[in-house]
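Work through the exercises below with the sequence and the model side by side, attempting each task before reading its solution.

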Amino acid sequence: MRNGFFKGHGLGNDYVALDPAELDIPLTPRRIRAICDRHRGVGSDGILALAPSRTADFGVRIYNPDGSEAEKSGNGLRIFARYLHATRRTRRRRFTVETRGGRVAIELHVDDAGHASAATVEMGGATFRPSALPCSLPVEELIEQPVTAAGRELRFTGVSVGNPHCVLFRGRGQPWTREELLTLGPALENHEIFPRRTNVQLATPVGPRSLHILIWERGAGETLASGSSSCAAAAAAVRLGLVNAPVAVKAEGGTLHIDVDPGFGLTMRGAVEEVASGRLAPAFVESLR
């Protein structure tokens, strides 16, 4: 369909998926921002653009609502998988997808109605090396490193799961507040030690195998859920001995189930919903030229 799109969400984290070859105009940062605009566009936390791949069954480019490009998105990958299934680009339940943050394997879980209502994604491995984020601190691993942000002395654990994350922990019974997220999120995202910016999670263990997180996404801001953030927080919590795997990671939008193997390989399972499919109006497309 010319100028067609698919919209889905994973626990409230919503994306528009489309095939750039079917658009009458190329995607640019300005056009991405316009499509993602919640008042004048389709509205979403980003765009998933079908791309060619030489190493996987499919490729995807992941764009943030500010027009920048992300390496990987766990919720986005589940939505992209449902898009491929719903638009009959594949009828397979297992396939691979190439992202800028590495190749992942996906298994769709199809319900009795024939909908791919959940997906399991092998997200690759977590690393705590500064060079992988990148981070400018001269240390071997970013475990409980001091940082000053928004006038506060904090400690963070830096994790790359194909994209960069900065995880801050508090003890059980000490939840973070949304006000802290709105203050610390942008301060840490744009901190000078992260030259390419970073995603931020404020995390609290709530059980031997469970975490609660608040999420600030690079290029998107506060989000209800994030697959890669859940993976990063789970990996960091296991690395610090705060929880055991598998980990139920609870965000404002719902819960994702993350397995962390002994080598910090990550597997994520969670629900995915289709919201709408349609076509960008000719006048809207014309306004983007």
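**Exercise 1. Find the volume of the largest pocket, then describe its lining by residue, element and class**.

Step 1. The largest pocket holds about 160 Å³ of space. A pocket here is an open set of points on a 1 Å grid over the protein atoms alone, with protein on both sides within 12 Å along at least five of seven lines, and lining residues have an atom within 4 Å of a point. Points are joined across faces, edges and corners, and a volume is the space filled by probe spheres set on them.

Step 2. The lining of this pocket has 14 residues, and those closest to its centre are Gly4, Phe5, Tyr83, Thr87 and Arg89.

Step 3. Two or more lining residues come from each of β1 (4-10), α2 (74-86) and β18 (273-279). Helices (H or I, at least four residues) and strands (E, at least two) are DSSP runs, numbered from the N terminus.

Step 4. By class, the lining has six nonpolar, four polar and four charged residues, where Ala, Val, Leu, Ile, Met, Phe, Trp, Tyr, Cys and Pro count as nonpolar, Asp, Glu, Lys and Arg as charged, and the others, Gly among them, as polar.

A note on the model: it is predicted, so that local features need pLDDT of at least 70 and side-chain atom pairs count only at pLDDT 80 or more, whereas totals for chains, interfaces and linings use all residues. Residues are numbered from 1 along each chain as its sequence is written, and side-chain values use heavy atoms, with hydrogens and water left out.

**Exercise 2. Compare the linings of the largest and the second largest cavity**.

Step 1. The count comes to two cavities of 30 Å³ or more, a cavity being a set of grid points where a 1.4 Å probe fits but cannot get out.

Step 2. The largest cavity has a volume of about 90 Å³, and its lining includes Tyr15, Asn64, Lys72, Asn163, Glu217 and Arg218. This lining divides into two nonpolar, six polar and three charged residues.

Step 3. The second largest cavity holds about 30 Å³ and is lined by Asn3, Leu23, Ile25, Leu27, Ile35, Leu280, Val285 and Leu288. Seven of these residues are nonpolar, one is polar and none is charged.

**Exercise 3. Which residues have the most contacts inside the largest nonpolar core, and which helix gives the largest share of this core**?

Step 1. The core has 56 residues, and Phe80, Val97, Ile106, Ile258 and Leu266 have the most contacts inside it. A nonpolar core is a set of buried Ala, Val, Leu, Ile, Met, Phe, Trp, Tyr and Cys residues joined through side-chain atoms within 4.5 Å, and buried means under 20% relative accessible area with a 1.4 Å probe and protein chains only.

Step 2. Helix α4 (residues 227-239) gives the largest share, seven residues. Apart from this core lies another, of 19 residues, among them Phe156, Trp176, Phe194 and Trp216.

Step 3. Leaving aside neighbours within four places in sequence, Leu266 is in contact (heavy atoms within 4.5 Å) with residues that include Val121, Met123, Val161, Cys231, Ala235 and Ile258.

Step 4. Ser229 also has its place in α4, and it counts as buried because its relative accessibility is 0%. Not counting residues up to four places away in sequence, Ser229 touches His165, Gln201, Ile213 and Ile215.

**Exercise 4. Trace the strand partners of β4 and of β15**.

Step 1. Strand β4 (58-63) has five of its six residues buried. Strands pair if DSSP finds at least two bridges between them.

Step 2. Five bridges join β3 to β4 in the antiparallel sense, with Ala51 opposite Gly59, and a hairpin of six residues connects the two strands.

Step 3. With strand β6 (residues 94-99), β4 pairs in the parallel sense over two bridges, and Phe58 has Val97 as its bridge partner. With strand β5 (residues 69-70), β4 runs antiparallel over two bridges, and Tyr63 stands opposite Glu69.

Step 4. Strand β15 (residues 247-251) has four of its five residues buried. It pairs in the parallel sense with strand β13 (residues 210-217) over three bridges, where Leu211 stands opposite Val249.

Step 5. Strand β16 (residues 254-260) runs antiparallel to β15 over five bridges, Ala248 stands opposite His257, and the two strands form a hairpin with two residues between them.

Key:
Buried means under 20% relative accessible area, exposed over 50%, partly exposed in between (1.4 Å probe, protein chains only).
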